[in-house]
Amino acid sequence: QLASLEPKYINQQVKNTLPLLDNFITTILKKNNLTNKNLTLVGFSQGSILAINYGISKQEKLKAIISF
């Protein structure tokens, strides 16, 4: 669908998804007694968009973000 390629639509979907991703990552980190300093995110295409947006939204820096 052409509408799904519009930047406004993509941006809104990223904003909608980030809280879910944050909840998931926070749960896993706490369960394993880790912090964002131990976290490396890897993303391709849409996963890349989410990884970068997640990383820049956090106050504590991540170990790394690999995006391609």
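Helices (H or I, at least four residues) and strands (E, at least two) are DSSP runs, numbered from the N terminus. Read along the sequence, this protein chain runs α-β-α-β. That comes to two helices and two strands.

The model is predicted: local features need pLDDT of at least 70, side-chain atom pairs count only at pLDDT 80 or more, and totals for chains, interfaces and linings use all residues. Residues are numbered from 1 along each chain as its sequence is written, and side-chain values use heavy atoms, with hydrogens and water left out.

## Overall figures

The C-alpha trace spans about 45 × 20 × 20 Å along its principal axes. Accessible areas come from the Shrake-Rupley method with a 1.4 Å probe; for residues, only the protein chains shown count as cover. The protein chain exposes about 5400 Å². Carbon and sulfur atoms supply 58% of that area.

Burial is set by relative accessible area: buried means under 20%, exposed over 50%, partly exposed in between (1.4 Å probe, protein chains only). Buried residues make up 19% of the 68 residues. A contact means heavy atoms within 4.5 Å. Among contacts between residues at least 6 apart in sequence, 53% join residues at least 24 apart.

## The strands and the crossover

Two strands pair if DSSP finds at least two bridges between them. Here β1 and β2 pair in the parallel sense, over four bridges. T40 has A64 in β2 as its bridge partner. G43 stands opposite S67 in β2.

In a regular strand the side chains alternate between the two faces of the sheet. Strand β1 (residues 40-43) shows this alternation. L41 and G43 point to one face and are buried. T40 and V42 point to the other face and are not buried.

Together, β1, α2 and β2 make a right-handed β-α-β unit. A crossover is right-handed if, with the strands pointing away from the viewer, the path from the first strand over the helix to the second runs clockwise.

S48 sits in helix α2 (residues 46-57). S48 counts as buried because its relative accessibility is 9%. Not counting residues up to four places away in sequence, S48 touches G43, S67 and F68.

## From helix α1 to the loops

L21 belongs to helix α1 (residues 7-31). Leaving aside neighbours within four places in sequence, L21 is in contact with L50 and Y54. L21 and Y54 are 33 residues apart along the chain, with their C-alpha atoms separated by 7.9 Å.

K58 is in the loop between α2 and β2. Beyond its neighbours within four places in sequence, K58 is in contact with D22 and N36. The C-alpha atoms of K58 and L20 are separated by 14 Å, at 38 residues apart along the chain.

Side chains of opposite charge can pair when their charged atoms come close. A salt bridge is a side-chain nitrogen of Lys or Arg within 4 Å of a carboxyl oxygen of Asp or Glu. By this rule the count comes to one salt bridge. The side chains of K58 and D22 meet in a salt bridge at 2.8 Å, N to O. K58 lies in the loop between α2 and β2 and D22 in helix α1, so the pair ties together parts that are 36 residues apart in sequence.

N36 is found in the loop between α1 and β1. Leaving aside neighbours within four places in sequence, N36 is in contact with L29, Y54, K58, E60, K61, L62 and K63.

Relative accessibility for selected residues:

| Residue | Relative accessibility | Class |
|---|---|---|
| N36 | 7% | buried |
| L21 | 24% | partly exposed |
| D22 | 25% | partly exposed |
| K58 | 25% | partly exposed |
| F68 | 58% | exposed |

## The nonpolar surface patch

Patches are made of residues with over 30% relative accessible area and no salt bridge: like charges are joined within 9 Å, nonpolar side chains (Val, Leu, Ile, Met, Phe, Trp, Tyr) within 5 Å. V42, F44, I66 and F68 form a nonpolar patch on the surface. Together these residues have about 460 Å² of accessible area. F68 lies in the segment after β2 (64-67). V42 is one of the β1 residues that are not buried.
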